[in-house]
Amino acid sequence: GDGVFSWSINDPMSLRSLFVDCCSLLSIPVFLLYKILFAWIPWQLNLKWRWSFFVDCCRLLSLLALLLCSIFSNWYSFSALICTLASLYLLDRSKYDKKRNADPFPDPQPYKQLKRIRDEEKIPAAVKETFVNQIVDFTLYDAENCQTKRNFEPIQMNTHCTFAKKAVLWGARDYDTSLSIEQNVERSIPALIKFLAIGEHLHLDGFVFELPGEEFGQDVHKFGQGVRRILKCISDHDPAGYHCMNKSYLNKIGWTFEFSEIPIFVTTFAPCYPSNHSRFAFGTKNAFVLLQPMYSFVIHDIGKDTPLTNWDNPTTIRDKIRVAYKENGRPYHIRKVVVYPTAHDIVKPLEDSGLTLVEWWKSEEPPKDGDKGTSVENY
């Protein structure tokens with residue numbers, strides 16, 4: 001007839017037209033077959049059967065094209081032959097059988113020569129290093145480039161400590177408001193352990209934790225409760241088992257915050273502090289707890305604490321820091337003694353006169369409005 005599929009065996013051009021028409025028409029069902037077998041059918045069904053069926057269909061179509069084009073010796077018949085051979089040798093019908101047919105049990109011979117090690121210390125160092133590195137990579141994050149550290153930068157860059165701008169800090173994981181303070185802190189404990197383990201060798205200076213400003217940054221007493229919960233959670237996970245926050249003399253002389261057998265100086269900043277305060281947050285929206293290992297002060301040669309300050313001609317690093325804070329309108333109270341309860345300075349009152357303090361270590365409701373804090377004379 002005169003239809004699209006009319007052809008004659010004596011007309012090579014009509015045979016070629018037939019081949020093209022067949023390929024055009026068959027490409028659609030092949031595509032649909034592939035989509036049905038590998039995209040639309042759930043993967044938990046027999047993947048081996050689907051692949052085998054698809055391979056068989058491709059081979060059948062290639063063979064059909066070869067038969068249609070082999071009447072004449074030309075490029076069409078040669079191309080069909082290549083497709084048929086490719087379908088036979090390149091498409092592996094047992095592709096998904098290899099793992100299923102493999103023996104799940106390893107060769108027992110190498111294991112017969114191994115003797116059981118009853119002491120973990122005798123495990124080869126290479127084996128230990130492998131699993132330790134895998135665990136570390138799984139639990140840690142990039143503490144040097146996290147959002148917490150970036151949020152703290154306005155304070156680091158504007159505070160008047162002489163070595164603050166060059167200090168090397170790590171930050172806790174980004175604060176997740178859907179979790180509690182304790183849950184947020186626990187996510188950063190592995191990084192804190194690593195920080196303190198390598199910090200002395202790499203001259204790391206501080207580890208920063210963040211608190212949401214709307215909830216904990218507007219009131220100094222509520223801020224103190226947030227600080228207590230952070231430090232308590234860290235203390236509860238102390239690998240050394242010291243648990244400094246459980247000590248009965250926490251607010252007395254002789255106590256210091258400690259983690260992994262390393263004494264730590266704790267400084268806090270919050271939006272609630274006025275611009276003339278040493279703990280001013282420089283426009284940051286959130287509050288922060290900065291943990292500074294005591295070895296950092298030794299590395300930067302701060303020197304021993306002293307009540308005396310050479311205001312006119314500062315020579316020591318400590319004197320220069322005190323003078324810098326005073327000249328920039330943010331002087332802080334300097335005690336007349338060097339031995340005092342360090343807990344009293346972790347969360348400072350809004351008026352840093354040395355007459356009142358914030359009892360952040362107590363788990364209780366914040367004082368009523370207008371209460372500036374507890375008198376130091378009570379201690």
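Is K348 buried or exposed, and what is its relative accessible area? K348 is buried, at a relative accessible area of 6%. That residue gets its own panel further down; the legends below walk through a predicted model.

**View 1. The whole chain, with its 13 helices and seven strands.**
Start with the overall picture before zooming in. The protein chain runs to 379 residues, and 36% of them count as buried. Its accessible surface comes to about 23300 Å², with 57% of that belonging to carbon and sulfur atoms. Take the contacts in the protein chain with a separation of 6 or more: 60% of them come from residues 24 or more positions apart.

**View 2. Q156, a buried glutamine in helix 7.**
Q156 sits in helix 7, which covers residues 147-158. With 5% relative accessibility, Q156 is buried. A polar atom of the Q156 side chain lies 3.1 Å from the backbone oxygen of A164. Setting aside neighbours within four places in sequence, the residues in contact with Q156 are A164, K165, A167 and L169. So A164 turns up both as a contact of Q156 and as the owner of that backbone oxygen, while Q156 counts as buried because its relative accessibility of 5% is under the 20% cut-off.

**View 3. K232 and D236, a salt bridge inside helix 11.**
Seven salt bridges are found in the structure, and this is one of them: K232 pairs with D236, with 2.9 Å between the closest N and O atoms. Both residues belong to helix 11 (residues 220-236), and they are four residues apart, about one turn of the helix. Neither end is hidden away: K232 is partly exposed at 28% relative accessible area, and D236 is partly exposed at 36%.

**View 4. R318 and D305, a salt bridge between a helix and a loop.**
Here R318 makes a salt bridge with D305, and the closest N and O atoms are 3.6 Å apart. R318 is part of helix 13 (residues 317-327), whereas D305 is in the loop between helix 12 (294-299) and helix 13, so the pair ties together parts that are 13 residues apart in sequence. D305 is partly exposed, with 31% relative accessible area.

**View 5. D352 and K348, a salt bridge with one buried partner.**
Back to the residue from the opening. K348 forms a salt bridge with D352, the closest N and O atoms lying 2.9 Å apart. D352 is partly exposed at 22% relative accessible area, while K348 is buried at 6%. Elsewhere, salt bridges with shared partners join D305, R318 and R322 into one network, so keep R322 in mind when looking back at the previous view.**View 6. H243 and E261, two loop residues with positive phi.**
H243 has a phi of about 55 degrees, positive although H243 is not a glycine. H243 is in the loop between helix 11 and strand 3 (257-259), and its 24% relative accessibility makes it partly exposed. E261 also has a positive phi, near 65 degrees, and is likewise a residue other than glycine. Look for E261 in the loop between strand 3 and strand 4 (262-269). E261 is exposed, with a relative accessible area of 62%.

**View 7. Y325 and Y332, an edge-to-face aromatic pair.**
Ten aromatic pairs are found across the whole structure. In this one, Y325 and Y332 meet edge-to-face, with 5.3 Å from centre to centre and 85 degrees between the planes. Y325 is buried, with a relative accessible area of 10%, whereas Y332 is partly exposed at 25% relative accessibility.

**View 8. W360 and W361, with their rings edge-to-face.**
The ring centres of W360 and W361 are 5.8 Å apart and the planes stand at 85 degrees, so this pair is edge-to-face. Both tryptophans are buried: W360 has a relative accessible area of 0%, and W361 has one of 12%.

**View 9. An aromatic cluster of W170, F195, F207 and F209.**
One tryptophan and three phenylalanines share this panel: W170, F195, F207 and F209 form one aromatic cluster.

**View 10. K247 and R335, each over a tyrosine ring.**
The charged end of K247 sits over the ring of Y242, at 4.3 Å from the ring centre. In the other half of the panel, R335 lies over the face of Y340, 4.4 Å from the centre of that ring.

Methods:
Residues numbered from 1 in each chain as written. Predicted model: local features only at pLDDT ≥ 70, side-chain atom pairs only at ≥ 80, totals over all residues. Heavy atoms only, no water. Helix = DSSP H or I, 4+ residues; strand = E, 2+ residues; numbered from the N terminus. Buried < 20%, exposed > 50% of the residue type's maximum accessible area, 1.4 Å probe, protein only. Polar contact = N/O pair within 3.5 Å; in protein donor to acceptor, adjacent residues only side chain to side chain. Contact = heavy atoms within 4.5 Å. Salt bridge = Lys/Arg side-chain N within 4 Å of Asp/Glu carboxyl O. Areas by Shrake-Rupley, 256 points an atom, 1.4 Å probe, with all protein chains shown as cover. Phe/Tyr/Trp six-rings, centres within 6.5 Å; stacked < 30°, edge-to-face > 60°. Lys NZ or Arg CZ within 6 Å of the ring centre and 35° of its normal.
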